[in-house]
Amino acid sequence: MNSIRDPDLSVTIGNIKLKNPVMVASGTFGFGEEYEDFFDLNQLGAIIPKGISLKPMMGNPPPRIFETEGGIINSIGLQNPGFQDFIKNKLPYYKKIKTHLIINFFGNTQREYIELAKRFDEVPGISGLEMNISCPNVKQGGIVFGSDPKMAYHLVREIRKATKLTLIVKLSPNVTDIALIAKSVEEGGADAISLINTFRAMAVNIHSRKPELGNIIGGLSGPAIKPIALRMVWEVSQRVKIPVIGMGGIMKAEDVIEFILVGASAIQIGTANLINPRTGIEVIHGIKKYLIQNRINRIQKLVGVFKSH
Ligand SMILES: Cc1cc2nc3c(=O)[nH]c(=O)nc-3n(C[C@H](O)[C@H](O)[C@H](O)COP(=O)(O)O)c2cc1C
């Protein structure tokens, strides 16, 4: 039973009922296992492991992470063990986890996206898919689909046919009108939209006069991007009817409340996990405290209640 003293934090995304709106963002929480010593992972709303492709990927040359004021630039390049290895060596770990597992995946071609969606559809223990059409630092794939509304629509429509799992589509901020892409993705059949991925960025070493990243260009994340992420979540949530999952620079519970007020039904924590591995659990406690202090018995009552004037 929920009450003012014990507020209900649960939210629903597609067919997934989350015990709270806090998920950990793909690529910033390893495969989960790496974080189990820091807190009870079952407390999270969902775990989203590193993005998976059909075949293993080596990623980009080092250095791959550079710290800037207020954030980091990464050019990991979607390094991952590939579908088969993931199923064999990583998936068994999640059997002992009692929270939702959402798989982040991507392809280099439409065929690869479809093939992966079909394969994951047959794997037990997966609650939903998060389709990445937004990675800024690989040559092919992702972003190509994520920056063209028509391509995004067609790709999502095909993936919709390939899986019965809850389908979340993750958008790139590296576009002129993110709400337009969001609308296309909704029309294609997505159950939810998550945003944002990282901003294309770079850094220069003035002594060597060389780039700080092996790939020259990477993706900026962390507190520096929060105000832009918030604006995008607000714009998108006004345009679509499906749930929006917000992320970008969340460090603390107050940040989460901002995202929820502008329309996010749930949120993801990314870069903050690399700074304080307990951010997830601390944020959950902080949200609860905010609800109690403001005498709100259900978090869902806060979604989109931002007063623009
Ligand atoms: C080191 C690193 C690796 C990432 N890898 C992925 C990935 O594999 N797939 C994906 O969709 N997003 C990936 N992202 C993007 C994050 O999931 C998130 O969208 C972004 O960092 C913004 O949130 P934040 O500012 O809270 O980090 C990665 C981000 C970082 C910092």
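Ile196 sits in the loop that runs between strand S10 (192-195) and strand S11 (199-202), and the peptide bond that leads into it from Leu195 is cis, with omega near 15°. When I say strand or helix, I mean a DSSP run, numbered from the N terminus, with at least two residues (E) for a strand and at least four (H or I) for a helix. Before going on, I should say that this is a predicted model, in which local features need pLDDT of at least 70 and side-chain atom pairs count only at pLDDT 80 or more, while totals for chains, interfaces and linings use all residues. Residues are numbered from 1 along each chain as its sequence is written, and side-chain values use heavy atoms, with hydrogens and water left out.

A second cis peptide bond goes from Pro62 to Pro63, with omega near -10°, and Pro63 is placed in the loop between strand S4 (46-47) and strand S5 (65-68).

Let me stay with the backbone for a moment and turn to positive phi values. Arg209 has a positive phi of about 60° although it is not a glycine, and its place is the loop between strand S12 (204-205) and strand S13 (210-211). Arg209 counts as exposed because its relative accessible area is 73%; the cut-offs are under 20% for buried, over 50% for exposed and partly exposed in between, with a 1.4 Å probe and protein chains only. Arg295, in the segment after helix H9 (279-293), also has a positive phi, near 55°, without being a glycine, and with a relative accessible area of 62% Arg295 is exposed.

Now to the ligand. Of the 24 residues around it, Ser26, Lys170, Gly222, Gly249 and Thr271 come nearest, where being near requires a heavy atom within 4 Å. Which side chains have an N or O atom close to a ligand oxygen, at 2.9 Å and at 3.1 Å? The first distance belongs to Lys50 and the second to Asn132, and these are polar contacts, that is, pairs of N or O atoms within 3.5 Å, where within protein one atom must be able to donate a hydrogen and the other to accept it, and residues adjacent in sequence count only if both atoms are side-chain atoms. A polar backbone atom of Gly222 lies 2.8 Å from a ligand oxygen. The protein covers 97% of the 610 Å² of accessible area that the ligand has on its own, with areas taken from the Shrake-Rupley method with a 1.4 Å probe, and for residues only the protein chains shown count as cover.

Asn132 itself lies in strand S8 (residues 128-132) and is buried, with a relative accessible area of 4%. Its C-alpha atom is separated by 6.3 Å from that of Val169, which is 37 residues away along the chain.

Is Thr166, in strand S9 (residues 166-170), buried or exposed? Thr166 is buried, because its relative accessible area is 2%, and its side chain reaches the backbone nitrogen of Asn15 at 2.8 Å. Leaving aside neighbours within four places in sequence, the residues in contact with Thr166 (heavy atoms within 4.5 Å) include Ile13, Ser127, Leu129 and Asp191.

Helix H5 (residues 178-188) is mostly covered, with 8 of its 11 residues buried. At its start, a side-chain oxygen of Asp177 comes to within 3.2 Å of the backbone nitrogen of Ala179, and just after the helix Gly189 takes a positive phi of about 115°.

Finally, the aromatic rings. The whole structure holds 12 aromatic pairs, meaning rings of Phe, Tyr and Trp (its six-membered ring) with centres within 6.5 Å, called stacked if the planes are under 30 degrees apart, edge-to-face if over 60 and tilted for the rest. The pair of Tyr35 and Phe38 is tilted, because the ring centres are 6.1 Å apart and the planes stand at 55°; Tyr35 is buried, with a relative accessible area of 10%, whereas Phe38 counts as partly exposed at 39%. The rings of Tyr113 and Phe145 have centres 5.3 Å apart and planes at 85°, so that pair is edge-to-face. This pair links distant parts of the chain, with Tyr113 in helix H2 (residues 110-121) and Phe145 in helix H3 (residues 143-146), 32 residues apart, and both are buried.
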